[in-house]
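Biologist: I am new to this structure and would like a close look at a single part of it, set in its surroundings. Could you take me through one sheet and then one residue in it, explaining each term as you go?

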Amino acid sequence: MRGLRKYLTPFAPDQSGAVSVLYEFGGIIVICDAGGCTGNICGFDEPRWFESKSALFSAGLRDMDAILGRDDRLVAKLADAVTKLDAKFAAIIGTPVPAVIGTDYHALKRMTEKKVDLPILTVDTDGMELYDKGEEKAWMELFRVFAGEKEEVIPNKIGILGMTPQDISDLRAADRIRERFAAEGKTAVCYGMGNGLDDVKKASSVEKNIVAAPAALEAAKYLEQTYGTPYEIGYPLVDELLCDMNYHGKKVLIVQQQVTGNAIREEILKKAPDVQVTVASWFMMKPEIRRDEDLHLRDEEDYIKLVENGAYDVIYADPCMARMTPKFEGTFVDTIHFAVSGKLVTVEAAKDSKELKEPGKLKESKKQEK
Amino acid sequence: MRQEAYFCTVKELNELGKDKIPQQLISHTHLIYSSPATLAFNSPGAEGFGVKRAGLAVPDSIMLIVSPGCCGRNTSVLSSMRAYHDRFYYLLMDETDIVTGRHLKKIPKAVAEICEELEKKPSVVMICITCVDALLGTDMERVCHKVEEYTGIPVRPCYMYALTREGRKPPMVHVRQSIYSLLEPKKKKGNVVNLLGYFSPLVDDCELYDLLHGAGIKTIHEISRCRDYAEYQTMSEANFNLVLHPEARFAAEDFHDRLKIPYIELRRLYQIDKIASQYRAFGAALGVEFDDEMPRKAAEDVVVKFKEVHPDAAFAVGEWMNGDPFELALALVRYGFHVPEIYGTLSGENFIYVKQLAQISPETKVFSNLEPTMLYYDGSQSGVNLTIGKDAGYYHKECPNVRWNEERQPYGYAGVRRLFESLAEV
């Protein structure tokens with residue numbers, strides 16, 4: 001049945017994606033909810049929240065606020081908070097409640113701008129879309145509002161777009177990317193993971209952008225149109241995700257966000273040009289980087305049928321999906337996707353993946369009998 | 001800009017009175033700060049017993065969460081616990097569902113499909129709905145009735161309406177009603193009593209069990225100790241209910257109206273003399289006199305012993321623990337300890353403790369976990385050297401902390417004794 005989930009908990013929603021993008025830029029982030037959505041984001045979807053204090057707030061909506069559409073109260077609360085907190089901007093993130101009552105985010109933005117002397121961002125997420133939709137909106141809003149005048153391009157300065165825990169599932173990935181680029185004499189600017197608002201303001205100074213997630217593709221296009229900054233699509237750390245095995249003549253299914261999936265495919269094809277690789281995703285599939293054989297998955301049944309009928313030898317997917325296809329007898333390569341399982345790549349997981357890469361030590365498929 | 005967390009001393013609060021509590025301490029008047037200290041408030045499903053977990057208190061039950069994806073997202077934390085494996089299912093809503101309400105028509109088929117694949121038929125299917133359906137005005141009772149007709153399985157609603165958190169019947173009150181609503185009338189037994197209020201049992205060595213047994217009670221039911229649905233059904237044989245948590249009052253009234261079972265309400269307290277007087281009043285209502293000398297003495301001894309070892313203990317008391325922070329703070333001050341700080345949500349109900357604290361510890365500071373300036377909380381000059389509650393531990397990472405938020409519920413003298421035993425260990 002469409003929409004029915006028997007195995008997987010719901011994936012990260014759009015509001016979590018929006019917060020994931022804006023989290024490190026030093027703004028006041030207000031989730032326009034009654035409290036539960038904020039709790040979901042903080043307690044589950046934003047792993048950085050446990051590591052450091054952040055100005056993340058719930059609007060604390062109550063039934064009468066929603067019924068009477070009391071946006072003015074939210075504006076007053078935000079204006080009051082701004083007098084007490086140091087912040088570079090304020091962002092209002094939508095949830096199902098404002099979606100149901102038809103909140104006008106443009107009006108809300110204008111109302112807030114009149115009362116608050118800070119740049120205001122609004123992201124009209126509704127909790128029913130997936131994280132990448134929210135990320136896409138937030139990346140666009142961020143660069144539209146903050147990317148400044150065209151600056152001179154600094155040679156060897158590379159922008160990395162799309163780095164969020166939701167997409168990359170690894171809180172240390174940005175550091176490793178910076179290290180790799182530094183070793184080549186380049187500077188990597190990982191927006192949203194270690195690089196802040198000042199770097200966004202100087203976005204036009206990068207030589208090129210690398211898009212690490214489909215949700216950042218629109219922002220890359222915007223930067224290209226606005227500043228002429230070229231972009232490439234790929235994931236600089238893809239080698240870390242690859243399982244070293246004999247791929248010749250095999251059929252491989254990769255279920256991940258599209259850019260990561262494509263990057264893994266490219267690496268596999270380099271090793272074995274005769275391999276058949278399908279990239280599938282629960283999330284957005286951008287037509288410009290999609291091959292004919294690639295698939296968008298919507299319901300659990302889509303994935304189960306795909307595996308049952310696809311005769312795949314190897315599946316790259318989040319480990320939480322293994323239990324959906326207990327009869328799969330091939331090799332299941334754990335490829336954690338935070339937006340799916342809420343799990344991050346840990347030291348143990350990284351160790352496991354290294355073991356996987358050693359020939360002859362292939363880990364058996366992690367089948368879990370339901 | 002002063003980067004300082006807002007607080008009010010209990011003396012100031014007492015002077016203002018319960019009708020003039022400063023806005024900073026009233027959560028619906030400001031943005032709600034979100035820190036690990038407030039997670040339980042913002043996301044009752046994330047830790048402890050929130051609506052989702054509480055809704056599965058009935059043995060062999062399952063839950064279908066009908067909501068936008070975001071509402072069910074963090075349920076995977078629960079699903080990973082063995083007791084909840086394969087008990088949560090989801091029917092995800094989209095924008096068209098909101099406009100047309102078509103998701104409601106899918107529920108009977110969804111429940112049927114889920115139950116078909118289960119080895120054992122569930123005792124009840126809880127349908128959990130969220131803020132969206134609250135605003136749409138969904139008649140979930142009617143939907144549940146239709147699902148029952150379609151599947152032949154008992155179905156009950158479970159309202160996870162965060163919007164009504166501060167209303168007359170908040171979600172945690174409603175869910176307590178829901179889980180007892182399956183009980184069928186049975187012949188009463190004079191020696192059976194139900195303990196209502198918690199979703200996990202009292203600590204095994206709680207004196208309440210012995211006191212009730214001493215008063216002739218043979219069977220003491222708690223929903224969390226029911227091994228199966230048949231045992232759960234025997235709760236309707238009770239002669240009376242003991243309400244141990246105020247959020248179970250509505251459920252107790254339901255018991256009274258529907259099953260003709262009356263109730264008596266007791267509070268969780270940490271002041272030993274008040275516990276004693278509560279037991280005296282309870283005994284009088286039952287027409288018995290409880291012999292509580294031994295557990296009382298045991299609690300008093302542990303407090304005295306702790307005081308001898310830690311005469312200078314200065315506590316920060318949080319609200320993310322098993323107790324009322326204001327009552328516990330009052331108890332600690334009355335035992336001769338210092339309480340520089342409390343993190344809590346003030347209401348008319350617990351203002352009585354503020355009044356008493358103002359007399360004996362006027363400089364105790366009251367903070368609200370939820371106030372935006374808590375972002376700047378700095379406890380380095382607070383003088384606190386011991387903390388109780390997960391939130392207090394978060395603010396004072398350098399101090400020994402007793403979380404005191406275990407699932408087994410501390411109660412009565414045993415609660416006091418165990419608390420001080422835990423404090424002595426950290």
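Modeller: In chain B, residues 24 or more positions apart account for 72% of the contacts with a separation of 6 or more, where two residues are in contact if their C-beta atoms, placed from the backbone, lie within 7 Å. This is a predicted model, in which local features need pLDDT of at least 70 and side-chain atom pairs count only at pLDDT 80 or more, while totals for chains, interfaces and linings use all residues; pLDDT is the predictor's confidence in each residue, from 0 to 100. Residues are numbered from 1 along each chain as its sequence is written, and chains are lettered from A and ligands numbered from 1 in the order in which they are written.

Before the sheet, the chain that holds it. Chain B has 19 helices and 15 strands, these being DSSP runs numbered from the N terminus, with at least four residues for helices (H or I) and at least two for strands (E). The radius of gyration of chain B is 23 Å, close to the 22 Å given by the globule rule for 426 residues, so the chain is as compact as a globular protein of that length; the radius is taken over C-alpha atoms, and the rule is 2.2 Å times the number of residues to the power 0.38. Along the principal axes, the C-alpha atoms of chain B fill a box of roughly 65 × 60 × 40 Å. Of the 426 residues of chain B, 51% count as buried, meaning that 20 or more other C-beta atoms lie within 10 Å of a residue's own, whereas 12 or fewer make it exposed and anything in between partly exposed.

Now the sheet itself. Four strands of chain B form an open sheet in the order 8-7-9-10, with parallel pairing, and two strands pair if DSSP finds at least two bridges between them. Strand 8 (219-221) and strand 10 (263-265) of chain B stand at the edges with a single partner strand each, so one side of each is left without a neighbour in the sheet. From one strand to the next the twist averages 25°, the axes being lines fitted to C-alpha atoms and the angles running from 0 to 180 degrees between N-to-C directions. Strand 7 (residues 192-196) and strand 9 (residues 240-243) of chain B pair in the parallel sense over four bridges, and B:Asn194 stands opposite B:Asn241 in strand 9 of chain B.

The residue to look at is B:Leu195, which lies in strand 7 of chain B. B:Leu195 counts as buried because it has 28 C-beta neighbours inside 10 Å. Leaving aside neighbours within four places in sequence, B:Leu195 is in contact with B:Leu202, B:Ile220, B:His221, B:Glu222, B:Leu242 and B:Leu244. The C-alpha atoms of B:Leu195 and B:Ala248 are separated by 9.9 Å, although these residues are 53 residues apart along the chain.

Chain A offers a parallel to set beside this. There, four strands form an open sheet in the order 7-6-8-9, again with parallel pairing, and the twist averages 25° from one strand to the next. Strand 8 (residues 208-211) and strand 9 of chain A pair in the parallel sense over three bridges, and A:Ile210 stands opposite A:Glu232 in strand 9 of chain A.
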